[in-house]
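Q: Hey, could you walk me through this one? I'd like to talk about rings and helix faces.
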Amino acid sequence: MMLVVVAYDVSTESAEGRRRLRRVAKVCTDYGQRVQNSVFECWVDAARWTAVRAELIAKINSAEDSLRFYFLGDNWTGRVEHIGAKASFDPRGPLIV
């Protein structure tokens, strides 16, 4: 398992762009936790990451939108510092539904 940070910038100047934004956010919500408006932390294994990445790439228009992936691996705790509003979350912690 590894922690991957996904950041996206989707153009919302058109109705189609706003639709792409919702679709990208939905994929990220399905696989990760929102930590900023357009930033998600995803706790995934290599196979799941391959699927998530492909799904995200299929949702954007690469001429107008962008995706950034930061691979923090499984030893991420010393690499992430949170300050301010919205409590930090531990992707390995209990899931309350």
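A: Sure, one term to begin with: buried means under 20% relative accessible area, exposed over 50%, and partly exposed in between (1.4 Å probe, protein chains only). This is a predicted model, where local features need pLDDT of at least 70, side-chain atom pairs count only at pLDDT 80 or more, and totals for chains, interfaces and linings use all residues. Residues are numbered from 1 along each chain as its sequence is written, and side-chain values use heavy atoms, with hydrogens and water left out.

Q: OK, helix 2 then: which residues are exposed on its other side, away from the buried ones?
A: Those are Ala47, Thr50 and Ala58. Helices here are DSSP runs (H or I, at least four residues), strands likewise (E, at least two), numbered from the N terminus.

Q: And which ones are buried in helix 2?
A: Trp49, Val52 and Leu56. They cover an arc of only 65° around the axis, so they sit on the same side of helix 2. The arc is taken from the directions from the helix axis to the C-beta atoms.

Q: What covers them?
A: The cover includes strand 1, helix 1 (15–31), strand 3 and strand 4. Contact there means heavy atoms within 4.5 Å.

Q: How far does helix 2 reach, end to end?
A: Its 14 residues span 20 Å from first C-alpha to last, close to the 20 Å expected at 1.5 Å a residue. The expected span is 1.5 Å times one less than the number of residues.

Q: Switching to rings, how many aromatic pairs are there?
A: Three. Rings of Phe, Tyr and Trp (its six-membered ring) pair if their centres lie within 6.5 Å; planes under 30 degrees apart are stacked, over 60 edge-to-face, the rest tilted.

Q: Why is the pair of Tyr8 and Phe40 called stacked?
A: Because the planes are at 20°, with the ring centres 6.2 Å apart. Tyr8 is in strand 1 (residues 2–9) and Phe40 in strand 3 (residues 39–44), so to speak distant parts of the chain, 32 residues apart.

Q: Are those two buried or exposed?
A: Tyr8 is buried at 7% relative accessible area, and Phe40 is buried too, at 1%.

Q: What about Trp49 and Phe69, how do they pair?
A: Edge-to-face, 5.0 Å centre to centre with 85° between the planes. Trp49 belongs to helix 2 (residues 46–59) and Phe69 to strand 4 (residues 66–73), 20 residues apart. Trp49 is buried at 6% relative accessibility, while Phe69 is partly exposed at 22%.

Q: Which residues make up the ring cluster?
A: Trp49, Phe69 and Phe71, linked by ring pairs.
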